[in-house]
Number of protein chains: 2
Amino acid sequence: MKRRLSIHNLTPAQVLSLGYLVVILLGAILLTLPIATTNGEGMNFLDSVFTATSATAVTGLIVENTSTFFTVFGQVVILCLIQIGGLGIMCMSTLFALLLGKKITLRERLIIQQDLDQFELSGIIRIVKYVIGVTFAIEGIGAFILFIRFLFDMPAGKALYFGIFHSISAFNNAGFDIFGNSLENFTGDIIVNLVITSLIVLGGIGFAVIAEVYSGKRFKNFSLQTKLVLSVTAILLIVGTIISFILEYSNPATIGNLPLGEKVIASYFLSVTPRTAGFNTVPTGALRSSTIFFTIILMFIGASPGSTGGGVKTTTFGALAAVLYSRATGRDDIELFKRRLGKETIYNALSIVLIALLLVVTVTMILTITEEAEFLDLFFEAVSAFGTVGLSTGVTGSLSIIGRIVIILTMFAGRVGPLTIALAIGERKDKVNIRYPKEKILVG
Amino acid sequence: MKRRLSIHNLTPAQVLSLGYLVVILLGAILLTLPIATTNGEGMNFLDSVFTATSATAVTGLIVENTSTFFTVFGQVVILCLIQIGGLGIMCMSTLFALLLGKKITLRERLIIQQDLDQFELSGIIRIVKYVIGVTFAIEGIGAFILFIRFLFDMPAGKALYFGIFHSISAFNNAGFDIFGNSLENFTGDIIVNLVITSLIVLGGIGFAVIAEVYSGKRFKNFSLQTKLVLSVTAILLIVGTIISFILEYSNPATIGNLPLGEKVIASYFLSVTPRTAGFNTVPTGALRSSTIFFTIILMFIGASPGSTGGGVKTTTFGALAAVLYSRATGRDDIELFKRRLGKETIYNALSIVLIALLLVVTVTMILTITEEAEFLDLFFEAVSAFGTVGLSTGVTGSLSIIGRIVIILTMFAGRVGPLTIALAIGERKDKVNIRYPKEKILVG
Ligand SMILES: [K+]
Ligand SMILES: [K+]
């Protein structure tokens, strides 16, 4: 393969990574300015990079309390980083997802992408405009309802600012808040819960899916991608709510002392936030070990392709679950909704999960060496960073310098990683003409 | 499919499970006898079932100290259970593994197995004889060397008994000891370490592999199965030794205060025992969190098919790693040693790992609810039970009744599960003639 030198010949994966790097660095520099922080000294550079990465990767892990440490200038910088980071990932991945619908291969798609001039540039601009338009529309509606709700608690100007901030943060699955304790003041508040969870789910479901549902087609006419995203998301939300409810039912530090209705609402929120929003309405550190472990699994699965959410993605999970189901029922093909998944899809899904596992395990092991905290808290932190979730049992602020650097890299890898890998898998295709004879091995 | 009613029509998986159940129950009854325990009261039934399951499944988790709680009668019962359990799994899985070499499909193999009379019964008897012969030969050599070594520490009769007990326990990857503190008296003892680790590795590598290596063929002429088992085992042992050495280097509670040579020996032992022996030469509970987490991964992978070891198996791990490697290098086929793995093999490997993960996660979650211990210790216990490893950070003895029952079921599932699943996957084959159209989804 010839090496690419010119910027015009960068691969989409490289453009994505480079773009994020530039935005993060600009954001970090702005956060070091004296006007960014309430103490008038600016943030130190490492923590600025941490915060800018967390915002741009729409993760939400924080080393300083966003509400008290930053001025409104600093908060707006963070909000802009969230919006840029969120739109960036949505546009890039929606383009790939929509092109996927046109039944061209990943390889063909890449070749097209590498030579944009010959592609329908107008089509791309139309898609980007659509994504931005829908984003602002949904965020606007969310901000307006939150504004009305917050009017009951605060003056109009502040209510508007808080409405806009949390609507953007929720739809982009960023998890940043300016209340100082996430949404713990609103554990049983139906309006706030309903608006925020709807924004999170819409933001995490992906644009291709939103577009197809909005088109008014019936479920059975949806693409396999949309059917799979909708079903896996629904199953994860329902199962997540039930299991969180059961596990935390009698925990007085979380939902134990709430009336039944609020218990259900809080359990639903516990089930929504790992997909991969990062807000919390009950203190994450007070959850039972079993709930934390369960949340780790939900965070690892994450949101859907073409969305602001992270993780290995609902479709990846669905594809692997389909393998198990097909084998268990004795089918030769991997079937989903009367469609067949090719082995390339399964192999890609498996590769993504394996790389993600390798990353998460390595990061966890490094953290258990460099940090003082409990294993489960560090495991949680690693998966939260990888999945760009932003939930934490409380160790983020006390991370060592090495720990902070590791989490910065993990957030970055978690953001550009899965998409990059998905592209790279197809990209580095060598011409292998030799086909070796098949031989069986015994597994299990 | 017609239902099978007669015992002659039981599937191999059912025969295996039923056989283990009968042996465990008989063993448990013997352990409740007054002559089995030093206090003359016999063991209570739940703990007897626990101990008998642990011995028959060659796991090695214990609720009472084998050296002090049981009389020689009780210890010999345990030893017999180990030998029966070990030989049972070796014979069953070796038969399947060898038949695999004859390039007949799992389905054909099952049909043959279901109708033994028409199959070469003499061939099967020959294989069983071979397995038993080799087992006793290796155990005999191991026992003899250990006997000589133990003569330096104890009278001849005791040395002989201890030599036989620990040789059988090591080769069958059972992990039971009658020293009372596993092999912690021998942390730096070269003879004991060399003999025990060799027995463990030989026992965990599988008979088909032993037979092929013993045949004198060159590596390049080995079957893919043998090549894969040998390479993955070697890689896991080397990487395991290095990582254990680095992680524990400065831990005074384990290898920190040992001279360099003994540090290396102890690290090697730490790398061997998760494959899935269960002996320990340093206190498992004193290992660092990072080492415990790393050991959990090694235990989950486990030993090789056709052996006494548990886990999802080295070949399963190798097959999935091959997928990642093939995708990363842009190959369409999954290649290993110039051979191609079919998608059925990959799907089976993936299914086994998913079921194992589901089991381990469920068991861990149940334990975090029913037990008081730390998450990491319970996670370790669950994987140790599933992988029939028998290592414990020290929580086994203080498990609640529910915890004991859960671990009993996990040990049983970990023993008969992977093989049963591997068989069942092929077995429940429905006639599915409809082939659905292929459709792509975006993963990652
Ligand atoms: K987030
Ligand atoms: K064992």
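**A buried arginine and a helix crossing in chain A**

A:Arg404 counts as buried, because its relative accessibility is 11%, under the 20% cut-off. This residue is a convenient place to enter the structure, which is a predicted model. A:Arg404 belongs to helix H16 of chain A, the element that spans residues 401-427. Leaving aside residues up to four places away in sequence, A:Arg404 touches A:Leu46, A:Asp47, A:Phe50 and A:Val63, and also A:Thr396, A:Gly397, A:Ser398 and A:Leu399.

Stepping back to the whole chain, 16 helices and two strands are found in chain A. Of its 444 residues, 60% are buried, A:Arg404 being one of the buried residues. Among contacts in chain A with a separation of 6 or more, 70% join residues that are 24 or more positions apart.

One pair of helices deserves a closer look. Two packed helices are described by the angle between their axes and the distance between the axes. For helix H13 (residues 314-328) and helix H14 (residues 343-370) of chain A, the axes come within 9 Å and cross at roughly 115°. The crossing of H13(A) and H14(A) is left-handed. On the H13(A) side, the contact is made by A:Thr316, A:Ala319, A:Leu320 and A:Val323, while H14(A) contributes A:Ile346, A:Ala349, A:Leu350 and A:Val353. Seven of the residues in this contact are nonpolar and one is polar, with no charged residue taking part.

The cysteines can be considered next. A disulfide is a covalent bond between the sulfur atoms of two cysteines. Over all chains, the count of disulfides is zero. A:Cys80 counts as partly exposed, because its relative accessibility of 40% falls between the 20% and 50% cut-offs. In chain B, B:Cys80 is likewise partly exposed, at a relative accessible area of 41%.

Finally, a word on confidence, which helps in reading the picture above. The average pLDDT of chain A is 85, and 84% of the residues score at least 70. Among the elements of chain A, helix H15 (residues 375-386) has the highest mean pLDDT, 95, and helix H5 (residues 106-114) the lowest, 46. Two stretches of chain A call for some care. Over residues 114-119 the pLDDT stays under 50, and the model has seven contacts for this stretch beyond four places in sequence. The pLDDT is also below 50 over residues 426-431, a stretch with 16 contacts in the model beyond near neighbours in sequence.

Note on methods:
Residues are numbered from 1 along each chain as its sequence is written. Chains are lettered from A and ligands numbered from 1 in the order in which they are written. This is a predicted model: local features need pLDDT of at least 70, side-chain atom pairs count only at pLDDT 80 or more; totals for chains, interfaces and linings use all residues. Side-chain values use heavy atoms; hydrogens and water are left out. Axes are lines fitted to C-alpha atoms, for helices over the stretch in contact, and angles run from 0 to 180 degrees between N-to-C directions. Helices (H or I, at least four residues) and strands (E, at least two) are DSSP runs, numbered from the N terminus. A crossing is left-handed if the near helix is turned anticlockwise from the far one by less than a right angle, and right-handed if clockwise. Contact means heavy atoms within 4.5 Å. Ala, Val, Leu, Ile, Met, Phe, Trp, Tyr, Cys and Pro count as nonpolar, Asp, Glu, Lys and Arg as charged, and the others, Gly among them, as polar. pLDDT is the predictor's confidence in each residue, from 0 to 100. A disulfide is a pair of cysteine sulfur atoms within 2.5 Å. Buried means under 20% relative accessible area, exposed over 50%, partly exposed in between (1.4 Å probe, protein chains only).
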